Every structure is written in C-alpha cells, then in structure tokens.
Amino acid sequence: MKIRLASWYVLLSLMTLVLLPSASRPLSADPALPAVLGQSRTLLPNGRWLLVGGQGVQGPLATAAIFDPQTNSLTPIAQPSLQPRAWHTATVLADGSVLIARGVGPGGKVSTVLEHFDPAMQAFHLVPASGLVPRADQTATLLTDGRVLFAGGVSPQGQVMGDA
C-alpha cells in the first residue's frame, strides 16, 4: 500500500510538471530554482516564498527555506519543519503566518500533523489536530472567519476523498 500510494503522488507530480510547468515553481522565482516534487511554495506577505518539504529519494523531507526573488537568494531556515512531509498544503493566515497541513509523512503514511510557521521568528510549532481526517494532496482554503477548510485529497487507503 505504501509503494502504491507513493507511486500515485509521483505520477501526479510528473503530470503536473509536464502539463503545468509554472506550477512547479513560483511565477516570480528564478527558473534556476530547482523543482522539488511534493514541495509547497507559498508567497508570503513580504514578497518572499516559503518552501517546505517535498519528496526526496529516501522519502518526505523535513526541510524549509525562504526564497527572496529580489536578491535571488535561497536561505535555509535554521529550525526546519518538525515533520518530514510532501504533498501537503501551506496556507497563509490573516496574520501572515502559515499553516502547514497533513500530506505524506514518514514511512509514506498519510499524516494528520499540523504545523504553524511564524515568519518573524522563522520557527515552526506543532498545532493540535484532534478530530482531523488524515489526507494528503488536499486543498486548503482560508475562510473569512479565519478557519481553514480542508477538502478532497487522498485517504491513507489511497482512495480519492470528495468530502471536507
């Protein structure tokens, strides 16, 4: 099951890179910035990009960096993501911080782990996630009341999920 689930994500990523090449990197980022499958690239309010995780050769990555398109520099975050992950979401919240949610974690298992990234402190913190359904490759939408709606994605059993 783990291999089958991972194969699904690799196939989906390759299709995305071929069909939507601009989706593999920020539009304002230098094309030389390497694409990492399953990595989230999130535009921060200050114009920089937060790059989190992705799929490495040995599995999901626990990496994080800030890309600055003004200086064309990539700066690793000293305290990287607390959990290796790929195929997750990263949603900018009203205060400019970022909620990193779910995805594929260690061992190729779908995760329920949520992390909060504080750009000012350049630090990640775990967020309680009780009652959340594990899913990967989902959508995350910031609602007007500040909550985040997760919908769709893939279940731990590899089934496409149509609920929120």
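Me: What share of the contacts between residues at least 6 apart in sequence joins residues at least 24 apart?
Reply: In this predicted model, 40% of those contacts in the protein join residues at least 24 apart. A contact here means heavy atoms within 4.5 Å.

Me: Which elements does the protein have, and in what order do they run?
Reply: There are one helix and twelve strands. Starting from the N terminus, the order is α-β-β-β-β-β-β-β-β-β-β-β-β.

Me: What makes Arg102 count as buried or exposed?
Reply: Let's set the value against the cut-off. Buried means under 20% relative accessible area. Arg102 has 3%, so Arg102 is buried. Arg102 sits in the loop between strand E8 (98-101) and strand E9 (114-118). Leaving out residues up to four places away in sequence, Arg102 touches several others, among them Arg85, His88, Leu132, Gln138 and Phe150.

Me: And why is Trp87 called buried?
Reply: The reasoning runs along similar lines. The relative accessible area of Trp87 is 9%, and therefore Trp87 is buried, given the cut-off of under 20%. Trp87 is found in the loop between E6 and E7.

Me: What is notable about phi in Arg102 and Trp87?
Reply: Most residues other than glycine have a negative phi. Arg102 is not a glycine, yet its phi is positive, about 55 degrees. Trp87 also has a positive phi, near 60 degrees, and is a residue other than glycine.

Me: How many residues of each class line the second largest pocket?
Reply: The lining has eight nonpolar, two polar and no charged residues. Val36, Leu51, Leu61 and Pro76 are among the lining residues, and so are Gln39 and Thr63. Val, Leu and Pro count as nonpolar, while Gln and Thr fall among the polar ones because they are on neither the nonpolar nor the charged list.

Me: Which elements give two or more residues to that lining, and how much space lies in the pocket?
Reply: Strand E5 (64-68) and strand E6 (73-76) each give two or more residues to the lining. About 150 Å³ of space lies in this second largest pocket.

Me: Where does the predictor have low confidence, and how do you know?
Reply: Look at pLDDT, the predictor's confidence from 0 to 100. Over residues 1-31 it stays under 50. Among the elements, helix H1 (residues 2-19) has the lowest mean pLDDT, 42, whereas strand E7 (residues 89-92) has the highest, 97. The protein averages 82, and 80% of the residues score at least 70.

Note on methods:
Residues are numbered from 1 along each chain as its sequence is written. This is a predicted model: local features need pLDDT of at least 70, side-chain atom pairs count only at pLDDT 80 or more; totals for chains, interfaces and linings use all residues. Side-chain values use heavy atoms; hydrogens and water are left out. On a 1 Å grid over the protein atoms alone, a cavity is a set of points where a 1.4 Å probe fits but cannot get out, and a pocket is an open set with protein on both sides within 12 Å along at least five of seven lines; lining residues have an atom within 4 Å of a point. Grid points are joined across faces, edges and corners, and a volume is the space filled by probe spheres set on the points. Helices (H or I, at least four residues) and strands (E, at least two) are DSSP runs, numbered from the N terminus. Buried means under 20% relative accessible area, exposed over 50%, partly exposed in between (1.4 Å probe, protein chains only).
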